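Got the viewer open? Load the model, keep the selection tool handy, and we'll go from one stop to the next.

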Amino acid sequence: TGPIVDQMGRKRAALLYCGLEIFINTIEQYPYLFCLVASRMLGGFTTNLLQCVFETWLDSEFRKQKEVQLRNIRSDREREHMVKQQQHAYELLMRDAVIISNSAAIGSGYLSHILSELSGPVGPFRG
């Protein structure tokens, strides 16, 4: 997906990911093997998008803002202090992104378990 993302841009690739996930979840509801296979194949593509697009988009936007802030600083001492602050902010941002992402994955897994216990098998996997 790397070359595709480079051609279309990170923001559009992120929106493509969201749209494809909605489409995948929609076609998984039909009880046809073709729909299930197609959704799994598209799911592999979207997983790759998820793993690279959002984090690199965040990283590139952070770096752009960092460059703008550093342009306005004249003294070397202030610049060095600003760089240290930005490094710390970046580390916190990435740490928090991982924590939130993993917490959301755990929470959604737990919620789906509860809902499956309450409603039984649904969708194309009815027994």
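Which residues does Arg10 touch, leaving aside those up to four places away in sequence? Select Arg10 and show its surroundings: Val5, Val53, Thr56, Trp57 and Ser60 are the residues in contact. Keep in mind as you look that this is a predicted model.

Stay on Arg10 for a moment. Colour by secondary structure and you'll find Arg10 in helix H2, which covers residues 10–27. Is Arg10 buried, exposed or something in between? Its relative accessibility is 34%, so Arg10 counts as partly exposed. Now add Leu70 to the selection and draw a distance between the two C-alpha atoms: the gap is 24 Å in space, for a separation of 60 residues in sequence.

Next, zoom out to the whole chain. Switch to cartoon and count the elements: there are four helices and zero strands. Walking along the sequence, you read the pattern α-α-α-α.

With everything still in view, try the overall dimensions. Along the principal axes, the C-alpha atoms fill a box of roughly 70 × 35 × 15 Å. The radius of gyration is 21 Å, whereas a compact globule of 127 residues would come out near 14 Å.

Turn on the surface now. The accessible area of the chain is about 9800 Å², with 61% of that belonging to carbon and sulfur atoms. If you colour by burial instead, 19% of the 127 residues will light up as buried. For a contact map, take pairs at least 6 apart in sequence: 64% of those contacts join residues at least 24 apart.

Charges come next. Select the 14 positive and 13 negative ones, and place a marker at the mean position of each group; the two markers sit 5 Å apart.

Last stop: the cysteines. How many disulfides does the chain have? With sulfur pairs required to be within 2.5 Å, the count is zero. Select Cys18 to see an example: its nearest cysteine sulfur belongs to Cys52 and is 13 Å away, and Cys18 is in no disulfide. A disulfide is a covalent bond between the sulfur atoms of two cysteines.

While you have the cysteines selected, check their exposure. Cys18 is partly exposed because its relative accessibility is 37%. Hop over to Cys35 and you get 16%, under the 20% cut-off, so Cys35 counts as buried.

Conventions. Residues are numbered from 1 along each chain as its sequence is written. This is a predicted model: local features need pLDDT of at least 70, side-chain atom pairs count only at pLDDT 80 or more; totals for chains, interfaces and linings use all residues. Side-chain values use heavy atoms; hydrogens and water are left out. Helices (H or I, at least four residues) and strands (E, at least two) are DSSP runs, numbered from the N terminus. The radius of gyration is taken over C-alpha atoms; the globule rule is 2.2 Å times the number of residues to the power 0.38. Buried means under 20% relative accessible area, exposed over 50%, partly exposed in between (1.4 Å probe, protein chains only). Contact means heavy atoms within 4.5 Å. Accessible areas come from the Shrake-Rupley method with a 1.4 Å probe; for residues, only the protein chains shown count as cover. Lys and Arg count as positive and Asp and Glu as negative; His and the chain ends are not counted. The place of a charge is taken as NZ of Lys, CZ of Arg, CG of Asp or CD of Glu.
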